[in-house]
Amino acid sequence: MKLLNKKIYYCIGLMSGTSLDGVDIAYVKITPEQVQTLKTAYFKYPDEIKKRLKSIVYSKSVKLENIAELDFLLGYYYSYGVNKFLTR
């Protein structure tokens, strides 16, 4: 991929895989020539989040209210993880 303006970008990315055990965070530098990983971390989900994730993933039927609550909880946890990541 060619970057049009040839600037350098610094980005933080988050990923949670299918194991439902936590979130990976990466800080990368992107230039027109390469993507360089500068720092990574892993944050294990608290038991309550893991329980709710599994409940939704493995249920045949899910209430919208439960999805909305988990969405809010995950957003809060991801922001907590990024803040801890940045202060390490």
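User: What radius of gyration does the chain have, against the value near 12 Å for a compact globule of 88 residues?

Analyst: This is a predicted model, in which local features need pLDDT of at least 70, side-chain atom pairs count only at pLDDT 80 or more, and totals for chains, interfaces and linings use all residues. Residues are numbered from 1 along each chain as its sequence is written, and side-chain values use heavy atoms, without hydrogens and water. The radius is taken over C-alpha atoms, and the globule rule is 2.2 Å times the number of residues to the power 0.38. Against a globule value near 12 Å, the chain has 16 Å.

User: In what order do the elements of the chain run from the N terminus?

Analyst: Helices (H or I, at least four residues) and strands (E, at least two) are DSSP runs, numbered from the N terminus. The chain holds two helices and three strands. Their order is β-β-β-α-α.

User: How are helix 1 and helix 2 oriented to each other?

Analyst: Helix 1 (residues 47–57) and helix 2 (residues 64–87) pack at about 140 degrees, with axes 11 Å apart. Angles under 35 degrees count as roughly parallel, over 145 as roughly antiparallel, 65 to 115 as roughly perpendicular and the rest as oblique. The two helices are therefore oblique.

User: What percentage of the 88 residues of the chain count as buried?

Analyst: Buried means under 20% relative accessible area, with a 1.4 Å probe and protein chains only. Of the 88 residues, the buried share is 20%.

Conventions. Axes fitted to C-alpha atoms, helices over the stretch in contact; angles between N-to-C directions. Buried < 20%, exposed > 50% of the residue type's maximum accessible area, 1.4 Å probe, protein only.
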